[in-house]
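Today's notebook page is open, and I am going through this model one spot at a time. Here is what I looked up, in the order in which I wrote it down.

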Amino acid sequence: MTAGFAPTALSLRREAPARPVEAASAERLRQAGTSVRVDGIVKRYGGPGPAALEGVSLAIEPGELLALLGPSGSGKTTLLRVIAGLEIPDGGKVFFGSQDTTDLPVQRRGVGFVFQHYALFRHLTVFENIAYGLRSRPRAHRPKEDEIRRRVERLLELVQLPDLAKRYPGQLSGGQRQRVALARALAVEPSVLLLDEPFGALDAQVRKDLRRWLREIHRETGQTTIFVTHDQDEALELADRIAILNKGRIEQVGAPHEVQDHPASRFVMSFVGETARLTAEVAGGEVRVAGRPVIAAEPGWPQGAVDLCLRPWDLTVGQGPGTLPGTVREWRRTGRGTVAEILLDGAEAPVEVKVTDVYEPGDRVALAVGAARVFPRN
Amino acid sequence: MSETTVPSIRPEPRGLHAALTEPRPVRIGLTLLAVAFLGLFLLLPLAVVFVEALSKGLSSYLATFAEPDALAAIRLTLLVAVIAVPLNVVFGLCASWAIAKFDFRGRNLLITLIDLPFSVSPVVAGLIYVLIFGAQGLFGPFLQRHGIEIIFAVPGIVLATVFVTFPFVARELIPLMQDQGTTDEEAALTLGASPWRVFRTVTLPNVRWALLYGVLLCNARAMGEFGAVSVVSGRIRGLTNTMPLHVEILYNEYNYVAAFGIASLLALLALVTLAGKSFLEWRHADALAGRGAH
């Protein structure tokens with residue numbers, strides 16, 4: 001299957017490091033991504049209280065990189081495990097392409113699953129870990145030994161660990177282990193790649209590197225990929241689309257810029273970025289805070305009692321009508337200028353606003369509002 | 001993990017160490033007390049066993065083992081262990097696998113039941129089998145009619161031994177398996193492995209050292225069990241006498257050299273077990289239950 005690729009790669013390596021190898025492996029690993037669809041998934045764990053998933057429906061395009069984003073307990077991991085077949089839903093259906101896989105056992109779904117804590121087989125070498133899936137195939141479909149070796153070596157190249165084949169998982173760093181776990185999942189040529197908080201157990205720098213690297217791998221393999229995260233930066237940076245979950249329901253699905261610029265709910269607004277929230281009222285074509293008009297209401301905004309949500313970068317120190325009063329809590333220099341932590345009158349939490357002047361804690365300021373969103377109060 | 005890290009004693013912060021240390025005389029006093037206790041109650045008896053066994057010279061010591069009854073007792077003890085230990089490995093693996101990897105009704109009851117043999121007196125354990133399989137017991141008449149001998153025969157001894165040694169393997173495995181969780185197994189399943197392959201290539205290797213440890217303890221107890229076996233055995237010389245029973249009989253006949261000779265064999269077994277156990281703890285500390293991360 002790979003005849004011709006290895007020698008070329010070796011001979012070209014000196015002049016053009018790594019590139020030909022990657023191109024060749026990409027060609028080998030690229031496959032038509034499968035679409036995934038879940039329809040009305042309900043999952044309850046024993047006991048009273050809300051269900052882990054309350055009728056979740058979601059469609060993932062072939063080759064798409066989708067993030068399931070939400071706070072802990074939102075049901076995002078449960079949804080991923082339902083798609084993998086590791087949890088059996090109490091209701092609803094799962095489709096891979098046009099095939100109904102709801103009742104298909106996990107072994108036959110053809111998914112690659114990457115666990116937060118790697119779940120590498122500690123008594124097997126890196127090589128044997130990656131080969132595990134191939135060796136698990138029924139005898140008739142099992143590749144020959146030299147074919148297994150070729151494929152494992154290619155995957156080790158792909159995850160940039162070609163020299164570690166003989167090591168044991170215990171001898172690797174966290175980042176290396178997660179790479180091996182990904183290679184192991186890719187070895188079975190899954191139709192869907194599922195990652196459960198893949199970078200959650202790693203420190204910040206490694207996480208950043210691996211993020212970029214996962215994006216590259218996805219570009220090379222073109223695999224339908226779903227990953228779970230509670231880190232909005234990770235989701236915004238990596239994903240083609242983001243599905244935001246809260247309390248077992250999907251709040252919004254959309255491209256990063258959509259969920260950021262057009263949040264569908266107050267929850268999404270406050271989850272994908274820092275937000276200052278004030279109680280306000282929409283009446284007579286304007287938004288009023290404590291009876292004073294702040295900005296003009298846009299057409300289509302709800303009338304009556306609302307939550308006024310503001311991004312810190314839409315706020316500037318200003319004067320005159322339409323400004324919001326607040327108190328400086330703290331002022332400090334950062335690498336990019338000076339910021340003041342300001343608690344707006346009536347807000348629950350302070351926001352960090354860029355300022356040009358020097359302030360003392362306790363100073364009163366007024367902030368002009370550049371843009372805002374309102375959500376009906378509930 | 002096990003391949004890289006050498007088990008080491010964590011250095012204590014100096015201040016804490018000083019604050020926790022007793023005055024010198026107290027330290028020496030406590031150490032001496034502990035050593036004296038250990039010597040008096042553990043080392044001295046062990047030494048006595050070997051001294052008594054060799055008191056009439058090496059030749060009479062060796063003659064003990066040429067005696068047909070002694071040989072029969074040794075053979076029977078080995079036979080019982082060879083049957084009981086594998087049985088309890090299978091039972092222990094099944095029970096701990098079910099308890100650690102699955103959540104089901106009656107799980108806690110099962111955990112309690114596994115400990116039952118530890119809390120019941122071995123004599124009672126033996127009596128249970130007499131009451132069930134004995135001539136006057138529940139199945140007695142049925143067994144007699146079909147000519148099946150359980151009590152005062154080898155099957156009874158095996159049953160009693162299996163009962164008494166039941167918890168050793170399971171208790172060693174349950175905490176480790178619970179600690180390891182199920183993600184390794186889940187990973188293997190997503191890679192397409194059949195449940196049997198998952199058990200064989202993931203679950204079993206993950207607990208292999210703990211399993212060996214459990215087998216060692218189980219074996220030592222299976223060979224050394226006295227109470228339960230003595231009730232069901234009937235002590236027929238050359239037929240249903242295990243080593244511990246034979247020791248008692250010889251002792252009661254004032255045949256000290258022979259009694260201590262057989263006893264020295266049992267003591268030797270204990271020492272070998274202890275050495276094996278220490279080796280496992282030293283070499284595979286992190287792969288055994290409740291001993292650090294892995």
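**Entry 1: E197(A).** I began by asking whether E197(A) is buried or exposed. I noted E197(A) as buried because its relative accessible area is 9%; buried means under 20% relative accessible area, exposed over 50%, and partly exposed in between, with a 1.4 Å probe and protein chains only. I found E197(A) in the loop between β7 (192-196) and α7 (204-221) of chain A. Helices here are DSSP runs of H or I with at least four residues, strands are runs of E with at least two, and both are numbered from the N terminus. I also wrote down that E197(A) is not a glycine, yet has a positive phi of about 40 degrees. As a reminder to myself, most residues other than glycine have a negative phi.

**A note on the model.** I am working with a predicted model, in which local features need pLDDT of at least 70 and side-chain atom pairs count only at pLDDT 80 or more, while totals for chains, interfaces and linings use all residues. Residues are numbered from 1 along each chain as its sequence is written, chains are lettered from A and ligands numbered from 1 in the order in which they are written, and side-chain values use heavy atoms, with hydrogens and water left out.

**Entry 2: K247(A).** I then turned to K247(A), a residue other than glycine with a positive phi near 50 degrees. K247(A) lies in the loop between β9 (241-246) and β10 (249-254) of chain A. I logged K247(A) as exposed because its relative accessible area is 62%.

**Entry 3: the nonpolar cores.** Which residues have the most contacts inside the largest nonpolar core? I listed I130(A), L182(A), I242(A) and I244(A), in a core of 48 residues. A nonpolar core is a set of buried Ala, Val, Leu, Ile, Met, Phe, Trp, Tyr and Cys residues joined through side-chain atoms within 4.5 Å. Helix α6 (residues 174-187) of chain A gives the most to this core, with seven residues. I noted a second, separate core of 38 residues as well, which includes I41(A), A119(A), F121(A) and A193(B). Back at I244(A), I looked up what it touches beyond four places in sequence, and found among them L69(A), F267(A), V268(A) and V272(A). Contact means heavy atoms within 4.5 Å.

**Entry 4: P293(A).** I placed P293(A) in strand β13 (residues 292-296) of chain A. I count P293(A) as partly exposed because its relative accessibility is 40%. Leaving out residues up to four places away in sequence, P293(A) touches E286(A), V287(A), R288(A) and G322(A). I also checked P293(A) against I217(A): they are 76 residues apart in sequence and 51 Å apart in space, C-alpha to C-alpha.

**Entry 5: chain A as a whole.** I have ten helices and 20 strands for chain A. Its domain assignment gives domain 1 (31-261) and domain 2 (274-376), with bounds that come from an automatic or database assignment. The C-alpha centres of these two domains of chain A lie 40 Å apart. Of the 378 residues of chain A, 51% count as buried. The C-alpha atoms of chain A fill a box of roughly 75 × 50 × 35 Å along the principal axes.

**Entry 6: R107(B).** Over in chain B, I found R107(B) in helix α5 (residues 107-119). R107(B) counts as buried because its relative accessibility is 19%. Beyond four places in sequence, R107(B) touches I99(B), F102(B) and Q178(B).

**Entry 7: chain B as a whole.** How many helices and strands does chain B have? I recorded 15 helices and zero strands. Chain B is assigned domain 1 (25-54) and domain 2 (58-289), and 29 Å separate their centres, taken over C-alpha atoms. Six residues from domain 1 of chain B and eleven residues from domain 2 of chain B take part in the contact. Of the 294 residues of chain B, 40% count as buried. My last note is the box filled by the C-alpha atoms of chain B, roughly 60 × 60 × 30 Å along the principal axes.
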